[in-house]
Amino acid sequence: METKKDVKGRDKFPRMSLGALHGRIKTARVLMVGAGGIGCELLKNIVLTGFGEIHVVDLDTIDLSNLNRQFLFRHEHIKKSKALVAKESAGRFNPNVKIEAHHANIMDPQFNIEWYKGFELVFNALDNVAARRYVNKMCIAADVPLVESGTTGFDGHVQVIKRGVTECYDCTPKEAPRSFPVCTIRSTPSQPIHCIVWGKSYLFTEIFGISEEETPELDFTEDSENAKEIQNLRREAEALKNIRDSMGLSQFPRLIFDKVFKDDIERLLSMEEMWKNRHAPQALDFEQLSKDAESVAKNISHHDQHVWTVAENFAVFVDSLHRLSSRMGELKSNVSNATQENGDTAPAILSFDKDDVDALDFVVASANLRSHIFGIEMRSKFDIKQMAGNIIPAIATTNAIIAGLCVLQAFKVMRGLIDKAPMIFTGGLGRAMTAESRVRPPNPDCTVCGVARAKITIDPSRATLGNLVTEILQGQLGYGEEISVLSDKGVIYDPDLEENLIQKFGDLDVANDSFITIKDEEDGDTPRIDLVFSITEASLPADGKAIQLSETLNIPRKAKAAPTQESEKAVVYSDAPTNGVNGKRKRSATDAGIDEVAPSKKGKAVAKPDADDDVIFLDDPVSGAIVIDD
Ligand SMILES: Nc1ncnc2c1ncn2[C@@H]1O[C@H](COP(=O)(O)OP(=O)(O)OP(=O)(O)O)[C@@H](O)[C@H]1O
Ligand SMILES: [Zn+2]
């Protein structure tokens, strides 16, 4: 039982170290998005600091692989909600703090601008760019300060974002997820990663999952040069699908093997042009490899640290194909029983998971056999697991340091010292921790924070786009004819889209709590900066207007483009120090005293390897580690 003295004692040290701020922290309502690696550390910190009310949002459940670093979770919590368990575990550290858990996606509409406005501060502890961008946009719209953070291995960052004061998460462009041209993967691989993507995203999915055309790692864009080859590749995939029907039969591995490691390779070889300046592939022989594989140890697939021979890869290929085929057989009979019982028609498919041993064995063996065919070096199962699973090991200490820095930056925000809270990085070469020399101001061209914002209320039963354009934009705000209106889905009005003027907002997919952007396209004089309206739906008096803009708006004009300064030219956009931001940052790597890093799928970054580090290069032989998008 907690005594009054205990509670007072708990306050003593924060009060001594924080002074007057402690009182404000005790009544502050804050939001923490993500209860993973950083989130667990951060929640512990803010609970112990004594923030009065903490809301935690996480959409996920606890996985075994989280337990090594997400210390609020234990084995018995596996499959339970991260947000709820985090609340339970951290709540015990400080009973004075109220914690609210939301097991939900932060991008759900229930978390609207009004909800964000209820917080003094938001902490991001996320692992992907989409959610980061979303929270950034909401915090800018609600004008709530955001402490954004991320880690990848030893690299980490903390960025304080405040509308009108600092740059926001979107002020610097973020890289689109990487994908591989389908011809590289399917016809002309030159690196182990190409063969791994082939094994995982093509072969595995064509045999056990959904079709490759639904796989984001493969880019099917055709140009006139490769259109014919893409057609051929589609035919190949079709033939593979037909072989799928023999799954479970003893000849199944041979049918697959001959198709992908012999016939398809021979077809490729017949395209002589292709191999003039490339290493020509060499088809494999099932009979020969079967003989070679007779002496391979039964438990070869457990040896994950060394690179298997071709015969060993062959043995694992055949064995894992049998294992996966029998799982598919069971899955199909379960699905057909379920269909008979309740009409549930869920498809019987397997999807690749790096922790699924059968799937990993299959991808390792297939990728290595293909590498061998194309004269590419083979890799160990351990390496391929990292690459196929896109894993950069998480370091608990980096998360702990970053979570600590998040709180220190939050104190500055609450003290009104945002100008003393520049972006901080950990990792890299040289110093363990570096901070930028100053807070970066907003980018005036940013489409998220370099815009004017206002709220409009529409009556969904009556309001049309025409009401908005003529009454509000042209009437009340003085816009000219040349304007366009964009919803989240794209352009809904411009002078060529007049037919939309009679449409109601619901018909244009513009709903409550969504945003529309007004672009002033007037030639000549400097146009207004973009205006973003957040939409509130309400039933308005029938005798009044169907749309209401209650604020007086003074929308600034865009500054005339200034000639580029020499000093600006010297600052390079590098793929560097994004540390979880997954974008290009306008600062030189050397500025920050950190080595360059390459962006990764989760919005995290990976340190550039040493020259002799055995890492595959994606775009440029000197640019560093590769990343596969899931
Ligand atoms: N849109 C979202 N809404 C709510 N929570 C999210 C959203 N996107 C990601 N998250 C959560 O953010 C957390 C990020 O934590 P972390 O980077 O440690 O990832 P993880 O999934 O726990 O671990 P790992 O990916 O390394 O196995 C996760 O718990 C994840 O569920
Ligand atoms: Zn911005």
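Q: Two residues are in contact if their C-beta atoms, placed from the backbone, lie within 7 Å; which residues of α13 does α8 meet?
A: The model is a predicted one. The α8 side of this contact consists of Pro192, Cys195, Ile196, Trp198, Gly199, Lys200, Leu203 and Phe204. On the α13 side they meet Ala359, Phe362, Val363, Ser366, Ala367, Arg370 and Ser371.

Q: How do the residues of the contact of α8 with α13 divide by class?
A: Three classes are represented in the contact between these two helices. The count is 10 nonpolar, 3 polar and 2 charged.

Q: Why are α8 and α13 described as oblique to each other?
A: Helix α8 covers residues 192-208 and helix α13 covers residues 357-373; their axes are 8 Å apart and the packing angle is about 130°. An angle counts as roughly perpendicular from 65 to 115 degrees and as roughly antiparallel over 145. The angle of α8 and α13 fits neither class, so the pair is oblique.

Q: What is the handedness of the crossing of α8 and α13?
A: Helices α8 and α13 pack with their axes 8 Å apart. Their crossing is right-handed.

Q: At roughly what angle do the axes of α3 and α15 cross?
A: Two packed helices are described by the angle between their axes and the distance between the axes. For α3 and α15 (residues 396-414), the axes come within 8 Å. The relation is oblique, and α3 passes α15 in a right-handed crossing. The axes cross at roughly 45°.

Q: How many residues of the contact of α3 with α15 are charged?
A: From α3, the contact takes in Gly37, Ile38, Glu41, Leu42, Asn45, Ile46 and Thr49. They meet Asn399, Ala400, Ile402, Ala403, Gly404, Cys406 and Val407 of α15. By class, 8 of these residues are nonpolar and 5 are polar, and the number charged is 1.

Q: Which strands stand at the edges of the sheet of 8 strands?
A: This sheet is open, with mixed pairing and the order β3-β2-β1-β4-β5-β6-β9-β10. Each edge strand has a single partner, so one of its sides is left without a neighbour in the sheet. The edge strands are β3 (98-102) and β10 (433-435).

Q: By what angle are neighbouring strands of the sheet with the order β3-β2-β1-β4-β5-β6-β9-β10 turned against each other on average?
A: This sheet is open and its pairing is mixed. With direction ignored, the average turn between neighbouring strands is 15°.

Q: Which residue of β5 is the bridge partner of Asn124?
A: Strand β4 (residues 121-124) and strand β5 (residues 146-152) are paired in the parallel sense through 3 bridges. One bridge takes Asn124 to its partner in β5, Glu148.

Q: Which strands does helix α6 lie across?
A: Helix α6 (residues 129-142) runs at about 165° to β5. Helix α3 (residues 37-49) lies across β1, β2, β4 and β5, and runs at about 165° to β1. The strands crossed by α6 are β1, β4, β5 and β6.

Q: Of the 21 residues around ligand 1, which come nearest?
A: By class, the shell around this ligand has 9 nonpolar, 8 polar and 4 charged residues. The nearest are Gly34, Gly36, Gly37, Asp60 and Asp127.

Q: Which are the edge strands of the sheet of 6 strands?
A: The open, mixed sheet has the order β13-β12-β14-β15-β11-β16. Each edge strand pairs on one side only, and these strands are β13 and β16.

Q: How many residues lie between β12 and β13 in their hairpin?
A: β12 and β13 pair in the antiparallel sense over 3 bridges. Ser487 stands opposite Gly490 in β13. The number of residues between the two strands is 2.

Q: Which residue in β14 is the bridge partner of Leu486?
A: Strands β12 (residues 483-487) and β14 (residues 515-520) run antiparallel and are joined by 4 bridges. The partner of Leu486 is Thr517.

Key
Residues numbered from 1 in each chain as written. Chains lettered and ligands numbered in written order. Predicted model: local features only at pLDDT ≥ 70, side-chain atom pairs only at ≥ 80, totals over all residues. Pairing = 2+ DSSP bridges. Axes fitted to C-alpha atoms, helices over the stretch in contact; angles between N-to-C directions. Parallel < 35°, antiparallel > 145°, perpendicular 65-115°, else oblique. Left-handed = near helix turned anticlockwise from the far one by under 90°. Nonpolar A, V, L, I, M, F, W, Y, C, P; charged D, E, K, R; others polar. Near = placed C-beta within 6 Å.
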